[in-house]
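Q: Please take a close look at one part of this model, beginning with a single loop residue and its backbone, and then work outward to the surroundings that can be described with care.

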Amino acid sequence: MTEPLDEPVLAPGPGAHAPHAVCFTQSRAAVVLHTDWPTAYAHARDTLYSYGRSPYGPAPRHVRLAQSPDLDPEMLQAVFDGSPVQEIGPSLIARVLLLPETGRAYWIPAHNTLIHASTDGARAVASCRDEHAALYWGFRLVRQAMTAQLLAAGAVYAHCAAFNHNGRGVMIAGHRGWGKTTTLLAALRHLGGDYVTNDRLLLHVHGGVLTGHPWPTDLRVGAETLRTLPHLRRLIPDSARDLPSDERQRLHPKIVVQPAQFGQLAPGGIVDDTARPELMIWPRLEPGRPDTVVERVAPTTVAQVLRDTRMFMTDPSGGPSTHINHWLWPTPPDAVTRHDIAVIADYAADLPCYRIRTGGDPKQLAHRIAELLGVAPPDHRARR
């Protein structure tokens, strides 16, 4: 069970004079962002859609984005020459220096950014040479600092989509390519509901109740999925609308939907920041299949699969199902993470869980989910 955070709460310190400052919150975690980049400030607020926001104040973690147009890449390359190289993202590396008494310094040449992390992990200052770097780092550093606190308190990543229907949480879990997005968008279109996430939840147990908070990010969806949903076809780029199906998939394999557009996904719904799952679905997208079949999954199987796949974050046959990137604020030791996953898996196994095999027809999917929720099936004739 998730325990209260045991973190020092910092009073305002260096960076408090920044013209833009906001305290982001999620569950019992908090991070303050300070910056003099107005565009980076606005971008972080928009991207971190599921975080609460309050005026600047005390928090366990502080992130400062500083304008540093005079940053000298050649000089920094010389300073960091010979220092260890650390992978900090897909095709992204940093040079790392340990600084006695003060922490660690990271030089990221690809983004012309120097990041200093304090020894206690309470503060990180990113000196960005240009606006592009500030836009890149602002929300990412805040999100990593927030997530690290939740993981340290017993939360775990779950690779899943989620929505709320009349206050009831539905978790759609599985590996990449299984049809989570197709299932989510079909349900939102034909059943209605409130969007929570399309990629992952941070699951924890509070007061004996399984609760999920989104790991905020944009939504990436295939053009073919959008074509089955008339209200979302306008999101397909003009250059792809008239192409044959195979060319659409080759030239536009995924279309990015920004958080500001999430309200369009669920007619009449809202964008929610919490899900308390009462139903779990494991979709299996089988292109060409004419029907949609529902199979109940036994609780013992649910618990075992969730433990073996680390909540579908790892595919035992294919490696990571989705990327976890904690290089500035590390995750707990693996033994602790495995224990937390086992605890959450046991709680999740108490949920009714169904495997849905589908060809991807959104109306069929919505009918099956309506049956599982025990609600009236959607009236498709009323929707155009």
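A: In this predicted model, phenylalanine 312 sits in the loop that runs between α8 (299–308) and β19 (314–315). Its phi is positive, about 65°, although phenylalanine 312 is not a glycine. The residue counts as buried because its relative accessibility is 2%, where the cut-off is under 20%.

Two other backbone positions can be set beside this one. Asparagine 112, a residue other than glycine, has a positive phi near 45°, and asparagine 112 is found in the loop between β7 (103–108) and β8 (113–118). Glycine 192, which follows α4, also has a positive phi, near 80°. Helix α4 itself, residues 180–190, is mostly covered, with 11 of its 11 residues buried; among them are Lys180 and Arg189, as well as Leu184, Leu185 and Leu188.

Back in the sequence neighbourhood of the opening loop, Met313 is one of the residues touched by arginine 200. Arginine 200 belongs to strand β13, residues 200–206, and it counts as buried because its relative accessibility is 3%, with the limit set at under 20%. The side chain of arginine 200 makes a polar contact of 2.9 Å with the side chain of aspartate 199. Setting aside residues up to four places away in sequence, the contacts of arginine 200 also include Tyr157, Ala158, His159 and Cys160, together with Pro214, Trp215, Thr322, His323 and Ile324.

Tyr157 and Ile324, both of which touch arginine 200, appear again in the lining of the second largest pocket, where they are listed with Arg310, Thr331 and Thr337 as the residues that lie nearest its centre. That pocket has a volume of about 330 Å³ and is lined by 17 residues. The elements that give two or more residues to its lining are β10 (156–165) and α9 (334–348), and the largest share, 4 residues, comes from α9. By character, the lining of the second largest pocket divides into 9 nonpolar, 5 polar and 3 charged residues.

Thr322, another contact of arginine 200, offers a link to a further part of the chain: its C-alpha atom is separated by 19 Å from that of alanine 145, and the two residues are 177 residues apart along the chain. Alanine 145 is found in helix α3, and it is buried because its relative accessible area is 0%, where buried means under 20%. Leaving aside neighbours within four places in sequence, alanine 145 is in contact with Val31, Arg61 and Trp329.

Helix α3 leads on to the nonpolar interior. The largest nonpolar core has 43 residues, of which Phe24, Leu65, Ile115, Trp137 and Leu328 touch the most other members. Helix α3, residues 131–152, gives the most to this core, with 11 residues. Among the residues that isoleucine 115 touches, when those up to four places away in sequence are not counted, are Trp137 and Leu328, as well as Leu141, Trp327, Val125, Ala126 and Ile108; the contacts of isoleucine 115 also include Arg104, Ala105 and Tyr106. Apart from this core lies another, of 34 residues, which includes Tyr49, Ile255, Ala366 and Ile369.

How values were computed
Residues numbered from 1 in each chain as written. Predicted model: local features only at pLDDT ≥ 70, side-chain atom pairs only at ≥ 80, totals over all residues. Heavy atoms only, no water. Buried < 20%, exposed > 50% of the residue type's maximum accessible area, 1.4 Å probe, protein only. Polar contact = N/O pair within 3.5 Å; in protein donor to acceptor, adjacent residues only side chain to side chain. Contact = heavy atoms within 4.5 Å. 1 Å grid on protein atoms, 1.4 Å probe; cavity = no way out; pocket = protein on both sides within 12 Å on 5 of 7 lines; lining within 4 Å. Points joined across faces, edges and corners; volume = space filled by probe spheres on them. Nonpolar A, V, L, I, M, F, W, Y, C, P; charged D, E, K, R; others polar. Core = buried A, V, L, I, M, F, W, Y, C linked by side-chain atoms within 4.5 Å.
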